Structures are given as structure tokens and as C-alpha cells.
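Me: I have just opened this structure for the first time. Could you walk me through it with a few questions and answers?

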Amino acid sequence: MARPKIALIGAGQIGGTLAHLAAMKELGDVVLFDISEGTPEGKALDIAESGPSEGFDAKLKGTQDYADIAGADVCIVTAGVPRKPGMSRDDLLGINLKVMKSVGEGIRDNAPNAFVICITNPLDAMVWALREFSGLPHNKVCGMAGVLDSARFRHFLSEEFKVSMRDVTAFVLGGHGDTMVPLARYSTVAGIPLPDLVKMGWTTQERLDAIVQRTRDGGAEIVGLLKTGSAFYAPATSAIEMAEAYLKDQRRLLPCAAYVDGAFGLKGMYVGVPTIIGAGGIEKVVDIKLDKDEQVMFDKSVDAVKGLVEACKGIDSSLA
Ligand code: A3D
């Protein structure tokens, strides 16, 4: 049986890391696509040359030609620009929307059966636009954000409680932005919900609130430190987790930016929700009950995403 084919659209910081991880995990053969001549070719060759030491079997190819992604099983999209210190994700909207148009058409014409994971920011609006431009089924196009935001939350919680992050589960919903919704009630240490851990004296509500805020600001914290770009190791790892769930039909329950039509009282929009990812792509949106405060935060986040989608329609009339 031929190995799966993984197309990475954008061979920058995240794209290169994705290629390295996909090869090391032997998820399939990798095609790195980028408009910047030499970058995808150089990264593909460099990673291929790590194969003999690492001992993986995967072919890597760099290209500027969409024909090379033909028949890809998975496409992960990072094409566009990342933010610089002082910029919000939303500042990237205009420039990255144009990029989504060319990428969406490239996928539509060459890899229409792929499972597509968008990472380009502002995430929820870009995944919506990418779906519109590509015309692929909604269940085959999603965005990576919730896995990363939840991983950040889990990391901070494991440090606070001094327990292995393997025992910390956490859920972050809503749009990938300042309005994201970390759900303390659905986050646990080995099944013990965070509010119970506060009652047990493991932490205080104030410290928990500070961790929630640090999670919301997690991306900006790294942008501030790096100064020349945004996070790339953890974003790449998060998207690989989603790609693996699809390729291996794992039916993982992962939060991601998925098309929601009916669940959560929403009508036809992309936003971060719990989903099941398996061979069918986004097989299910898991419609959990939110309490009053969570609902208020979620609604605010949904409104922020709707605002960005309207802005996209204002920029590109073919989307209206
Ligand atoms: P960067 O290292 O700049 O890579 C982007 C690549 O896209 C560059 O190599 C460009 O040449 C390439 N590119 C630009 N236009 C096109 C095009 N039309 N077609 C193909 N390639 C093109 O950025 P990065 O890898 O650090 O980040 C990529 C994106 O991910 C940015 O929009 C970030 O804001 C976003 N990001 C999202 C998250 C989420 O959690 C959602 C986290 C971190 C970064």
C-alpha cells in the first residue's frame, strides 16, 4: 500500500516543523509547497538528510508547483504572514485572506479529497474563507487552535499542581483570539475538575484566573519573547496530532475550529468546539452544555469571529 501523502502549504517556521514531525513519525511522504523559491526545497532536503540518523522512511519534496500536491490525503495550511510584537491576529486579515484564495483554489484543483487543517491566522475567519475558496465538504476542512490553546492551559496547570501533564486534561473553546474560552469545569487532573481542586486547596481561584489569562495571552507571550515571529513548535505538534487522528482513524475527541450548524445554537459558522476526528474528517461536533458564565464568554467569542467573517466579505466580494 502506498504511503499517505501529506501536503504542507507554507514552508515557514511551522511548515518546516510540520515536515520534520511528519517524517519522524512516519505519517507519510511529505510535499512542502511555498511561493518562496528555494525555501521548501532546502527544508525538504535538510530534513531528508536527517533520515539516516533518525531512521525514518519518508520521501520529502519541496515545490512551487501545486501539481505536486496532487492526490494529497492531508493538507496543512500555514501560508501567509505571522504577527509581530504589538500586532493582533486580526491585523493579518487582509493579507492572509488573499493567500487563502490562492491556497483554496490550489487545493480544490489538485487535492479535493484531502483532509485540510488550516493554521493561518486569524484562524477562525481564515478556515472559513479557505473552505469557501476550496469548495471542499465542511467536514473535511477544519482549523487548528483548540488543541494548542488546551495544551498551553495543560502545561501551565501541570506546573501549578506539580503533576505530570499527562494527567492534566483541559478544554479551551471559542475563537482563537483574546476571547477564547478556557473551560475550568471541563478541565481536570486525573478526572478531578479544577473547581474541586480549588476547594481542596491545590490552588486558589485568583491563581487559576491568572492561568486562564496566561492561556489567553499564550501566543502573545511567545511573540513578545521571539520578536521576529510567532510560536511554531507547539502549533506544529498540535496540527500533527489532528492529522494523525484522521490518518489512523483514531476518533480522537479534540477541540478544533469546525463548521458548526445546529450544535451550540449556532447556524453555519466556524468556531472552536469539541469534535471527534477520525477517517471521516470531523465526524461529530460534541454539543456540551455550557453554564451561564461560560455561555456569555462563548457568545462574545462567537461574535468576534462573526465580525471577522463579515470583514472578509467586505474585502472579497466573491465571499459575500
Ligand atoms: P512564516 O514562518 O512566515 O511562514 C509562512 C510561509 O508562508 C512563508 O514561508 C511564506 O513564504 C509562505 N507564503 C506566503 N504566501 C504564500 C502563498 N500565497 N502560498 C504559499 N505560501 C505562502 O510563518 P509561521 O509558519 O510562523 O506561521 C504561519 C501562520 O500560522 C501565520 O499566519 C501565523 O499567524 C499562524 N499561526 C497560527 C497559530 C494558531 O494557533 C492558529 C499559531 C501560530 C501561528
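Me: How many residues of domain 1 are in contact with domain 2?

Reply: Happy to help! This is a predicted model, in which local features need pLDDT of at least 70 and side-chain atom pairs count only at pLDDT 80 or more, while totals for chains, interfaces and linings use all residues. Residues are numbered from 1 along each chain as its sequence is written. Two residues are in contact if their C-beta atoms, placed from the backbone, lie within 7 Å; on the domain 2 side 37 residues take part, and on the domain 1 side the number is 36.

Me: Which elements give two or more residues to that side of domain 1?

Reply: Helices (H or I, at least four residues) and strands (E, at least two) are DSSP runs, numbered from the N terminus. On the side of domain 1 that touches domain 2, the elements giving two or more residues are α1, β4 (74-77), α4, β5 (115-118), α5 and β6.

Me: Where do the two domains begin and end, and how far apart are their C-alpha centres?

Reply: Domain bounds come from an automatic or database domain assignment. Here that gives domain 1 (5-144) and domain 2 (146-313). Their C-alpha centres are separated by 22 Å.

Me: Alanine 145 falls in which loop, and is this residue buried or exposed?

Reply: Alanine 145 sits in the loop between β6 (141-143) and α6 (146-161). A residue is buried if 20 or more other C-beta atoms, placed from the backbone, lie within 10 Å of its own, exposed if 12 or fewer, and partly exposed in between. Because alanine 145 has 32 such atoms within 10 Å, it counts as buried.

Me: Which element gives the most residues to the shell around the ligand?

Reply: A residue is near the ligand if its C-beta atom, placed from the backbone, lies within 6 Å of it. Of the 35 residues around the ligand, Gly12, Gln13, Ile14, Ala79 and Asn121 come nearest. Two elements give two or more residues to this shell, α1 (13-24) and α4 (93-110). With 4 residues, the one that gives the most is α4.

Me: What do the buried residues of α11 pack against?

Reply: Helix α11 (residues 292-315) has 24 residues and reaches 35 Å from its first C-alpha to its last, close to the 34 Å expected at 1.5 Å times one less than its number of residues. Its buried residues include Phe298, Val305 and Cys312. The buried residues of α11 pack against α4, α5 (123-134), β7 (168-173), β8 (181-189) and β11 (269-278).
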